[in-house]
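Visitor: Could you show me how to read a structure like this one, feature by feature?
Guide: Gladly, let's look together.

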Amino acid sequence: MKKSYHLTTFGCQMNEHDSERMKGMLEMLGYSEAPERAQADLILFNTCSIRETADTRFVAHLGEAKRLKREQPDRVVGVGGCWAQSVKEEVFERFPFVDVAFGPGQTHKLAEFLTSDSLSAQGYFEFEGFTGHLPAKRARPYQGWLQISVGCNCRCSYCIVPSTRGREVSRPLEELVDEARAMAADGVREITLLGQNVNSYGRDLRILDASSSAAFTRVRAREGSRDQTTRINPGRPRSRTFAELLYALDQIDGIERIRYMSPHPKDMRKDVIRAHADLPSLCEHIHLPLQSGSSRILKAMHRTYDRERYLDRVALIREHVPDVALTTDIIVGFPGETEGDFEQTLELAEQVGYDGAFTFIFSPRRGTEAATMTDATVPHPVKVERLQRLVEVVQRRAHERAQRFVGRTLEVLVEGQSRTDSERLRGRTRHNKVVNFSGLAQPGEITQVEILDVTSQTLSGEEQLLARAIS
Ligand code: 5AD
Ligand code: SF4
């Protein structure tokens with residue numbers, strides 16, 4: 001009988017991407033997806049460890065897997081992703097019913113385990129790489145992830161990712177263009193480029209620059225001797241840039257929207273900002289993680305930019321792409337954060353006026369530098385109070401910012417039924433704003449919606465049916 005699997009995904013888009021590949025791979029191995037965990041022969045978790053709440057949420061789910069395994073001992077329980085990587089072999093000591101554990105990007109090892117006769121529990125925690133080459137089972141056929149790099153070379157003192165995902169490795173540009181072309185041929189219209197730090201893409205790649213090799217050929221023709229020319233101009237290898245990748249992907253027919261997550265403010269250069277102004281498919285949205293508005297705290301976080309430099313990047317972005325939507329990540333209650341530091345964060349959020357923000361309470365993570373700063377811990381009630389004050393500013397400013405869309409007709413990629421009203425549709429603008437609207441379009445279509453009203457989170461409007469009839 002055909003075996004079935006159930007996979008639960010926690011964490012970021014990188015995990016969602018890996019899970020799509022895991023599903024694609026399992027279906028290639030003959031497994032089918034079970035609607036519920038209780039009906040599955042293979043119970044899988046793709047885990048996250050970014051904050052303590054991520055850990056605890058997952059451990060509660062694991063309790064159910066333990067019970068199901070007791071009921072039917074030939075079930076296989078597998079735990080992949082960042083939490084597994086961060087505790088490694090300890091998984092088996094703490095949770096003896098787990099059969100297989102593997103770190104991020106180790107999906108192929110899961111396949112190896114499932115197709116072998118191995119009876120003992122196995123752990124796979126080598127950093128090896130990409131799941132991008134595996135087939136994907138996409139949640140939405142018209143939206144796809146493109147994993148451009150793995151790992152992270154930053155040393156942010158609060159962050160567990162460098163230890164769970166290893167050093168940064170970029171995939172070759174040509175390989176990414178081929179993959180995006182294949183996605184387009186498969187019906188994907190919107191791609192999201194994924195990496196821990198997307199805009200440092202390509203620094204580890206070495207190619208022979210086309211212009212220097214052209215010069216090289218010219219010299220060779222003139223001299224008429226191979227040996228002489230190698231001495232004259234061997235053609236210097238250079239690295240690739242994120243902007244180059246954006247320009248190459250924009251050329252692909254069928255890819256109508258390009259997004260990326262997440263850039264680092266330290267690497268946000270003019271070439272990428274210019275690409276936003278130049279490239280028709282690159283969306284008017286930049287997620288630029290701030291973390292703190294205090295230069296002192298940014299330094300303790302090892303973010304390698306200060307408040308002024310961040311504001312300078314925002315000004316440059318707005319100068320070139322005035323209508324851009326800016327979103328961010330902010331942490332409150334980092335060790336040693338004073339009321340004065342926090343007020344600087346509030347002030348910056350007020351000044352920038354984000355279109356949205358993810359706000360987090362600092363949570364110490366095993367193995368990170370910030371977790372050792374226990375003498376400077378901010379009391380929990382203070383953290384909670386700061387978070388509330390920050391959320392108030394973020395939401396008020398987002399609501400004000402959203403007003404600029406009222407009365408405008410925006411391009412919307414339809415994602416399905418509205419979550420709040422089944423009579424209406426739901427989609428996303430190029431600014432990454434969710435729109436609930438009345439209309440006739442089908443999921444996957446790009447249509448025009450007139451915006452009539454806004455909240456801090458969403459827009460609402462009406463599809464322009466006339467425009468639809470003409471196009
Ligand atoms: N505590 C709280 N928030 C964190 N983030 C990363 N590590 C921590 C931590 N230890 C937040 C950062 C990051 C986002 C993905 O999660 O804001 O940008
Ligand atoms: Fe969670 Fe970070 Fe791992 Fe993503 S990379 S799953 S956010 S720990």
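Guide: We will go through domains, ligands, helix packing and two backbone details. Please keep in mind that this is a predicted model.

Visitor: Let's begin with the overall layout. Into which domains is the protein chain divided?
Guide: There are domain 1 (4-124), domain 2 (138-283), domain 3 (284-402) and domain 4 (406-470). For a sense of scale, the centres of domain 1 and domain 4, taken over C-alpha atoms, are separated by 37 Å.

Visitor: On to the ligands. Which residues are around ligand 2?
Guide: The list runs Cys12, Asn15, Cys48, Ser49, Ile50, Cys82, Val161, Arg165 and Gln196. Sorted by class, this shell has 5 nonpolar, 3 polar and 1 charged residues.

Visitor: Where does ligand 2 lie with respect to the domains?
Guide: Ligand 2 lies between domain 1 (4-124) and domain 2 (138-283), because both of them give residues to its shell.

Visitor: And which residues surround ligand 1?
Guide: Around ligand 1 you will find Ile50, Arg51, Tyr158, Gln291, Asp329, Ile331, Phe360, Ile361, Phe362, Ser363 and Arg365. Ile50 also appears in the list for ligand 2.

Visitor: Which polar atoms should I look at around ligand 1?
Guide: Try the side chain of Gln291, where an N or O atom is 2.6 Å from an oxygen atom of the ligand. Asp329 places a polar side-chain atom 2.6 Å from an oxygen atom of ligand 1. With Ser363 the backbone takes part: one of its polar backbone atoms is 2.7 Å from a nitrogen atom of ligand 1.

Visitor: How do I read helix packing?
Guide: In general, a packed pair of helices is described by two values, the angle between the axes and the distance between them. Take helix α14 (residues 339-352) and helix α15 (residues 380-402): their axes cross at roughly 10° and come within 9 Å. That angle makes α14 roughly parallel to α15. The residues of this contact comprise 6 nonpolar, 2 polar and 7 charged. On the α14 side they include Glu339, Glu343 and Glu350, and on the α15 side Arg386, Arg389, Arg396 and Arg397 are among them.

Visitor: At what angle do α13 and α14 pack?
Guide: Helix α13 (residues 307-320) packs with α14 at about 10°, and the axes are 12 Å apart. These two are therefore roughly parallel as well. Arg307, Tyr310, Leu311, Val314 and Arg318 of α13 meet Gln344, Glu347, Leu348, Gln351 and Val352 of α14. By class, that contact has 5 nonpolar, 2 polar and 3 charged residues.

Visitor: Finally, the backbone. Is the peptide bond from Met261 to Ser262 cis or trans?
Guide: That bond is cis, with omega near -25°. You can find Ser262 in the loop between β13 (257-261) and α11 (270-278).

Visitor: What is phi of Lys88 near?
Guide: Phi of Lys88 is near 45°, a positive value in a residue other than glycine. Lys88 belongs to the loop between α3 (82-87) and α4 (90-94).

How values were computed. Residues are numbered from 1 along each chain as its sequence is written. Chains are lettered from A and ligands numbered from 1 in the order in which they are written. This is a predicted model: local features need pLDDT of at least 70, side-chain atom pairs count only at pLDDT 80 or more; totals for chains, interfaces and linings use all residues. Side-chain values use heavy atoms; hydrogens and water are left out. Domain bounds come from an automatic or database domain assignment. Axes are lines fitted to C-alpha atoms, for helices over the stretch in contact, and angles run from 0 to 180 degrees between N-to-C directions. Helices (H or I, at least four residues) and strands (E, at least two) are DSSP runs, numbered from the N terminus. Angles under 35 degrees count as roughly parallel, over 145 as roughly antiparallel, 65 to 115 as roughly perpendicular and the rest as oblique. Contact means heavy atoms within 4.5 Å. Ala, Val, Leu, Ile, Met, Phe, Trp, Tyr, Cys and Pro count as nonpolar, Asp, Glu, Lys and Arg as charged, and the others, Gly among them, as polar. A residue is near a molecule or strand if one of its heavy atoms lies within 4 Å of it. A polar contact is a pair of N or O atoms within 3.5 Å; within protein, one must be able to donate a hydrogen and the other to accept it, and residues adjacent in sequence count only if both atoms are side-chain atoms.
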